[in-house]
Amino acid sequence: MTSDVTSPDAGSASGEAAARQHRFGYAAVALLLAGIVLGAAIGLVVPRLRTPGDDSVEAGFLRDMSSHHAQAVEMAMVAHAASDTPGVVTLAADVATTQQAQIGYMQAWLRDWDLSPTGSEEPMAWMPDSAGAVVNGLMPGMATPEQLAELRKATGKDLDTRFLTLMRAHHLGGIHMAQEAERLSGNEKVDWIADSMIAAQQGEIQLIDDLLKQAQAG
């Protein structure tokens with residue numbers, strides 16, 4: 001009869017192999033955990049590194065365009081309340097609702113970036129060669145205080161013509177600012193809202209031209 005006896009050397013080799021497997025398993029788990037921690041750290045740090053700063057193109061554009069939009073909303077509300085022309089009333093409502101919503105987006109992004117809604121820099125400072133873009137403190141296309149006062153006093157066809165003329169110039173100035181922001185900024189949010197502004201205001205300029213022709217022919 002033969003006995004099945006495992007040699008001491010074989011048992012030792014088997015034990016060492018098992019130990020190596022355990023050590024390898026522990027090392028793999030440690031590397032996995034380290035990778036998870038590192039990935040989380042990178043995920044937290046990288047977005048902050050990419051957040052626009054206080055003197056960035058993005059911050060300057062959002063602040064300036066918020067002010068620019070606010071005047072458009074003001075003029076639109078005047079026309080919406082006082083005009084008797086359905087097309088003008090509809091246009092005014094569209095301008096007011098669209099641009100007020102865009103102000104909401106822009107101010108929310110500034111808050112997300114821990115930036116003030118207003119900055120210390122002069123208007124249009126974010127845009128190179130902007131020296132001639134600001135006239136008497138007004139950004140491109142903005143109405144003067146005197147023009148706003150005349151708009152508030154106007155009635156009938158005079159009101160419609162003043163509103164449409166002022167808004168057309170306002171849109172042209174806004175489009176110029178949005179195009180420059182697209183050119184200078186690589187921020188996805190800024191590019192998106194600038195593109196939205198350009199498309200909407202170019203379409204509204206066509207409508208304004210049609211309404212001006214109707215007002216002049218009437």
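# A friendly tour of a predicted helical model

Author: Welcome! Helix α3 gives five residues to the lining of the largest cavity, the most of any element. Please keep in mind that this is a predicted model.

Reader: Thanks! Which elements give two or more residues to the lining of the largest cavity?

Author: The lining consists of D94, V95, T98, Q99, Q102, M197, A200, Q201 and E204. Helix α3 covers residues 86-112 and helix α6 covers 188-217. The elements giving two or more residues are therefore α3 and α6.

Reader: How much space lies in the largest cavity?

Author: The search of the whole structure finds one cavity of 30 Å³ or more. By class, its lining has three nonpolar, four polar and two charged residues. The space in the largest cavity is about 40 Å³.

Reader: Let me step back for a moment. How many helices and strands are there in the protein?

Author: Read along the sequence, the pattern is α-α-α-α-α-α. That fits the count for the protein, which is six helices and zero strands.

Reader: What share of the residues in the protein is buried?

Author: A residue counts as buried when its relative accessible area is under 20%. The protein has 218 residues, and the buried share of them is 35%.

Reader: Among contacts between residues at least 6 apart in sequence, what percentage join residues at least 24 apart?

Author: Contact here means heavy atoms within 4.5 Å. Among contacts between residues at least 6 apart in sequence, the part joining residues at least 24 apart is 77%.

Reader: Now the largest pocket. Which helix gives the most to its lining?

Author: The largest pocket has a volume of about 270 Å³. Its lining has 20 residues, with R63, D64, T118, G119 and E121 nearest the centre. By class, the lining has five nonpolar, nine polar and six charged residues. With five residues, running from 57 to 82 as an element, the helix giving the most is α2.

Reader: Is G60 in that helix buried or exposed?

Author: G60 is found in helix α2. Its C-alpha atom is separated by 7.1 Å from that of A125, 65 residues apart along the chain. Because its relative accessible area is 10% and the cut-off is under 20%, G60 is buried.

Reader: How do the axes of α4 and α5 cross, and at roughly what angle?

Author: Two packed helices are described by the angle between their axes and the distance between the axes. Helix α4 spans residues 145-153 and helix α5 spans 156-184, and their axes come within 9 Å. The crossing is left-handed, and its angle is roughly 145°.

Reader: Which residues in α5 are met by residues in α4?

Author: On the α4 side, the residues are Q147, E150 and L151. The residues of this contact divide into four nonpolar, one polar and two charged. On the α5 side, the residues met are L159, R162, F163 and L166.

Reader: Why does H170 count as buried?

Author: H170 has its place in helix α5. Leaving aside neighbours within four places in sequence, H170 is in contact with H68, Q71, A72, M75, G141 and M142. H170 counts as buried because the cut-off is under 20% and its relative accessible area is 1%.

Reader: How far apart in space are G174 and G141, C-alpha to C-alpha?

Author: G174 is also found in helix α5, and at 1% relative accessibility it counts as buried. Not counting residues up to four places away in sequence, G174 touches M65, H68, P140 and Q201. G174 and G141 are 33 residues apart in sequence, and their C-alpha separation is 7.0 Å.

Reader: What is phi of M124 near?

Author: Most residues other than glycine have a negative phi. M124 lies in the loop between α3 and α4 and is buried, with a relative accessible area of 0%. Its phi is positive although M124 is a residue other than glycine, and the value is near 70°.

Reader: Is N136 buried or exposed?

Author: N136 is found in the loop between α3 and α4. N136 has a positive phi of about 55° although it is not a glycine. Because its relative accessibility is 77% and the cut-off is over 50%, N136 counts as exposed.

Note on methods. Residues numbered from 1 in each chain as written. Predicted model: local features only at pLDDT ≥ 70, side-chain atom pairs only at ≥ 80, totals over all residues. Heavy atoms only, no water. 1 Å grid on protein atoms, 1.4 Å probe; cavity = no way out; pocket = protein on both sides within 12 Å on 5 of 7 lines; lining within 4 Å. Points joined across faces, edges and corners; volume = space filled by probe spheres on them. Helix = DSSP H or I, 4+ residues; strand = E, 2+ residues; numbered from the N terminus. Nonpolar A, V, L, I, M, F, W, Y, C, P; charged D, E, K, R; others polar. Axes fitted to C-alpha atoms, helices over the stretch in contact; angles between N-to-C directions. Left-handed = near helix turned anticlockwise from the far one by under 90°. Buried < 20%, exposed > 50% of the residue type's maximum accessible area, 1.4 Å probe, protein only.
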